[in-house]
Amino acid sequence: MESDTDWSRRGVLLGMLATGVLMLPGCSTLAGSGSGSAGSASADPVRRLMRTSSERAFAWLGQPEGFWTSPVARIPLPVLFGRPGKTTSGVLKSKAFRDKLQYQLNLFATPGARVAGPLVLKAVQSVPIPNPAEVLAGGNTAATTLLRRAMGPALVNAMIPEIERAINEAQDNTLNQAIAALKGVTVQDTAHALALDADNGIWYEIGAAEAAIRQNPEETNDSVLIGALKKG
């Protein structure tokens, strides 16, 4: 059961989505000039913002129903299970079955998030930050955008084998029926499709966490971060 704090957090995130505040990670434009290399002290507030946003995102997504309960990271049914003419069974035509399948796939994304988390936190320590001031003054997901671009497909590549392992170990009846209903589709194909969607969900969650921090930096109790975000 979710606490009042959890529901409040979800309400804030939903409000951001409704008002268009939360930008799609990867859509912001950041200049490549200025100071702020990997070891630059001026980049410290940006790294703190990245780290705090990422820690909060993975604390949420690492829960058993983390993706499913997130208003921004919930994974839709992958297109793999909706291609016309690909089914050999009527099972995928049932809305009740598809809803259950979507829920199960969101659960299988959790092991992927657990291996992705350390990779993101490690990248935060070394990602080049050419212009820290521009990131701090940028849009609500400017830091997340920079980090996502730097990491590229790293999370997807790391999550595929972990999600595949989790699927094989679970032998979930619903997912097994869905895969059997598709021509030529394997567990690895499913893991790949799910990893791609989980990657989007992870960055949406990190971006939402960053946006929330920017709106209320005092809540972090981080004096450096508060000072940097309150300037101007």
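Author: A crossing of two helices is called right-handed if the near helix is turned clockwise from the far one by less than a right angle. In this predicted model, helix 4 passes helix 9 in such a right-handed crossing.

Reader: What makes helix 4 oblique or perpendicular to helix 9?

Author: Their axes are 9 Å apart and the packing angle is about 60 degrees. Roughly parallel needs an angle under 35 degrees, roughly perpendicular begins at 65, and roughly antiparallel lies over 145. The angle of about 60 degrees fits none of these classes, so helix 4 counts as oblique to helix 9.

Reader: How do you know which classes of residue make up the contact of helix 4 with helix 9?

Author: From helix 4 come Leu105, Phe108, Ala109, Ala113, Ala116 and Val120, and from helix 9 come Thr190, Leu194, Ala198, Ile202, Trp203 and Ile206. Ala, Val, Leu, Ile, Phe and Trp count as nonpolar, whereas Thr falls among the polar residues. The count is therefore 11 nonpolar, one polar and no charged.

Reader: Why is helix 7 called oblique to helix 9?

Author: Helix 7 (residues 154-170) and helix 9 pack at about 125 degrees, with axes 8 Å apart. Roughly perpendicular ends at 115 degrees and roughly antiparallel lies over 145, so oblique is the class that remains for helix 7 and helix 9. Their crossing is right-handed.

Reader: What makes some residues of the contact between helix 7 and helix 9 charged?

Author: The contact includes Glu164 of helix 7 and Asp199 of helix 9. Glu and Asp are charged by definition. In full, the contact divides into 14 nonpolar, four polar and two charged residues.

Reader: Why is helix 6 described as roughly antiparallel to helix 9?

Author: The axes of helix 6 (residues 142-151) and helix 9 (residues 187-215) come within 8 Å and cross at roughly 150 degrees. Angles over 145 degrees count as roughly antiparallel, so that is the class of helix 6 and helix 9. Helix 6, too, passes helix 9 in a right-handed crossing.

Reader: What makes four residues in the contact of helix 6 with helix 9 charged?

Author: Among the residues that meet are Arg148 in helix 6, and Asp199, Glu210 and Arg214 in helix 9. Arg, Asp and Glu belong to the charged class. Beside the four charged residues, the contact has six nonpolar and three polar ones.

Reader: How do you know whether the aromatic pair is stacked or edge-to-face?

Author: The structure holds one aromatic pair. Trp68 and Tyr103 form it, with 5.2 Å from centre to centre and 90 degrees between the planes. Centres within 6.5 Å make a pair, and planes over 60 degrees apart make it edge-to-face; Trp68 and Tyr103 therefore pass both cut-offs. Trp68 lies in helix 3 (residues 66-69) and Tyr103 in helix 4 (residues 95-126), so the pair ties together parts that are 35 residues apart in sequence.

Reader: What makes Gln171 worth a remark on its phi?

Author: The phi of Gln171 is near 50 degrees, a positive value in a residue other than glycine. Gln171 sits in the loop between helix 7 and helix 8. Asn221 also has a positive phi, about 60 degrees, without being a glycine, and is found in the loop between helix 9 and helix 10.

Reader: How do you know where to read the model with caution?

Author: The average pLDDT is 85, and 78% of the residues score at least 70. However, pLDDT stays under 50 over residues 1-11, and it is below 50 over residues 16-39 as well. Where pLDDT is low, the predicted coordinates should not be read in detail.

Methods: Residues numbered from 1 in each chain as written. Predicted model: local features only at pLDDT ≥ 70, side-chain atom pairs only at ≥ 80, totals over all residues. Heavy atoms only, no water. pLDDT = per-residue confidence, 0-100. Contact = heavy atoms within 4.5 Å. Axes fitted to C-alpha atoms, helices over the stretch in contact; angles between N-to-C directions. Helix = DSSP H or I, 4+ residues; strand = E, 2+ residues; numbered from the N terminus. Phe/Tyr/Trp six-rings, centres within 6.5 Å; stacked < 30°, edge-to-face > 60°.
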